[in-house]
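Visitor: Could you take me on a close look at one part of this protein, the side chains that carry charges or rings? I am in my first year, so please go step by step.

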Amino acid sequence: MAIIKKDQLQKFKRKANDLLNRTFDQHITLAVTGLSRSGKTAFITSLVNQLINEGNNSHLSFFNPVHQGRFIAAKRVPQKNLHIPRFEYDASLAAFCNEPPTWPEATNGISELRLAIRYTPKGSLLKYAKDTATLYLDITDYPGEWLLDLPMLNQTYEEWSESTYALMKESPRAELSQSLIEKINQLDPLEPVDEQLLADISKEYTDLLHVFRHELGLSVIQPGRFILPGELADAPILQFFPYTAFENIELNAYQNAQDDTLIGMLRARFIEYKERVVRKFYKEHFINFDRQIVLADCLTPLNKGESSFNDLQHAITLILESFNYGQSSLFSRLFSPKIDKLLFAATKADHVTPEQHPKLVSLLNQLVYQTKHQLNYDTIEMKTLAIASVKTTKVGNSLHNGQPLPVLQGRRADNDELITLFPGAVPEKLPKSSFWDNQQFNYIAFKPHQVCDVHECLPHIRMDQTMQFLFGDKMK
């Protein structure tokens, strides 16, 4: 009979334990996206901050592992994909510790961060195998503007040009677009292309997209990489624009146009953009996502006016079409996604008084679920929440005409003035014309409170409910 030495037995036990860990420890990839200024960086920073500092005034009572006393600890660990930039958590958290505190710099591309979350299993088979378990949480941050490119995969250059031209002719884009449209209409589409001229007009179109987004507060921006180019900045693949005079080109002449003509090169670059940028992103990244949160700032469009809000509605419709999980959908045919939970979060809930939060959720439901019935979501669980990743205001009460009125107090982001106000009532349903005629909503952007210690938890609203929905079921 073979004699097993003690050191060999210990080695065998270690290997068996490692195998058990690999077998039972779980892994989930969480995708975080949202349109510009929806608070993605603040959300990821707060999520990580709450988990790694749990127990230090974290307020995660609706996150079951914490509520049930089964949460042990969380820490950052090296990410798997070494070719993807790391999410700059330390720099983002440091912004809240500045004097005065500032919002962290927004991310402009894709980035990742990995957490190992240790907990005690209770309601799964894990409790029979081991005392503790680990959930590996891979967080992927990517711009929501990239999602808006997805419909382009199912469009020809002519179709995309016509749909974009239709938007450019409508208010509030029309007046700002007029000069560019006139310049494009003067071009001969079948003449040999002048690449410098093409680059110059592409820059004008890109500049126009920046104005639409940052000055008009619009959400539908295509192509998304034009305003968030990342490593593709100044690349020819981002140098094309919608042609606005297709009615002046014979169909046969357009179909036979060579790539060295203006219209031929515009078409060729559009196709290249679809294949090398849009399709590549979804094939390399999106197919690996397990859970998805989409952050939406509904308050800024309410402030900006009817056109801005309608544009947000259009953008959310496009995003939802990107998440069509039906078997016959374009998305499913191309990428076979496995996402089974989708959370839409109305951000900056701390910028309205608490009794307005249900209305904010109701408004987001109206934006989301008007499209949901058109799509097949049988295999996905959806939820909406009103959250504040980092709470910036205090709630109080005042008197107005002798009646109690809930108010907020915080420091304005633009001049650091401490103010107290009632921002107004959030509409429960999609606003009608009468709302905009009598609009009294006064959304103010606030500065964050200072965090004195990187080990201190950031104040928040419903981050615990967010965690519970997105990955609490994986920690039973």
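**Charges and rings around Arg291**

Guide: Let's begin with Arg291, which is buried, with a relative accessible area of 2%. Please keep in mind that this is a predicted model. Which residue meets the side chain of Arg291 in a salt bridge? The partner is Asp340, at 2.6 Å from N to O. These two come from distant parts of the chain, 49 residues apart: Arg291 belongs to strand β5 (residues 291-296), while Asp340 is found in the loop between α14 (330-335) and β6 (341-346). Asp340 has a relative accessible area of 31%, so it counts as partly exposed. In general, side chains of opposite charge can pair when their charged atoms come close.

The pair also has company. Salt bridges link Arg291, Asp340, Lys341, Glu381 and Asp473 in a network. Lys341 takes part in another kind of contact too: its charged end sits over the ring of Phe469, 4.7 Å from the ring centre.

From here we can follow that idea to a second charge over a ring. The charged end of Arg225 sits over the ring of Trp146, 3.7 Å from its centre. Arg225 also forms a salt bridge with Glu231, where the closest N and O atoms are 3.8 Å apart. Is each partner buried or exposed? Arg225 has 8% relative accessibility, which is under the 20% limit, so Arg225 counts as buried. Glu231, with a relative accessible area of 64%, is exposed.

For a salt bridge inside one helix, look at Arg276 and Glu272. Both lie in helix α11, four residues apart, which is about one turn of the helix. The closest N and O atoms of this salt bridge are 2.4 Å apart. Arg276 counts as exposed at 56% relative accessibility, and Glu272 is partly exposed, with a relative accessible area of 33%. The structure holds 18 salt bridges, and the ones we have visited are among them.

Now for the rings. How many aromatic pairs are there? The count comes to 19. One of them joins Tyr157 and Trp160, whose ring centres are 6.2 Å apart and whose planes meet at 35°, so this pair is tilted. Tyr157 and Trp160 are three residues apart in helix α7 (residues 157-168), so about one helical turn separates them. Tyr157 counts as buried at 2% relative accessibility, and Trp160 is buried at 0%.

Another pair is made by Phe240 and Phe270. Their ring centres lie 6.1 Å apart with the planes at 90°, so this pair is edge-to-face. Phe240 is in the loop between α9 (195-214) and α10 (251-255), whereas Phe270 is in helix α11 (residues 262-284), so the pair ties together parts that are 30 residues apart in sequence. Phe240 and Phe270 are both buried.

Finally, let's put those ring pairs together. Tyr157, Trp160, Phe240 and Phe270 are among the members of a cluster linked by ring pairs. The cluster also includes Tyr205, Phe226, Tyr243, Phe246, Tyr254 and Tyr273. So that you can find your way back to our starting point, remember that Arg291 is buried and that Asp340 is its partner in a salt bridge.

Notes: Residues numbered from 1 in each chain as written. Predicted model: local features only at pLDDT ≥ 70, side-chain atom pairs only at ≥ 80, totals over all residues. Heavy atoms only, no water. Phe/Tyr/Trp six-rings, centres within 6.5 Å; stacked < 30°, edge-to-face > 60°. Buried < 20%, exposed > 50% of the residue type's maximum accessible area, 1.4 Å probe, protein only. Lys NZ or Arg CZ within 6 Å of the ring centre and 35° of its normal. Salt bridge = Lys/Arg side-chain N within 4 Å of Asp/Glu carboxyl O.
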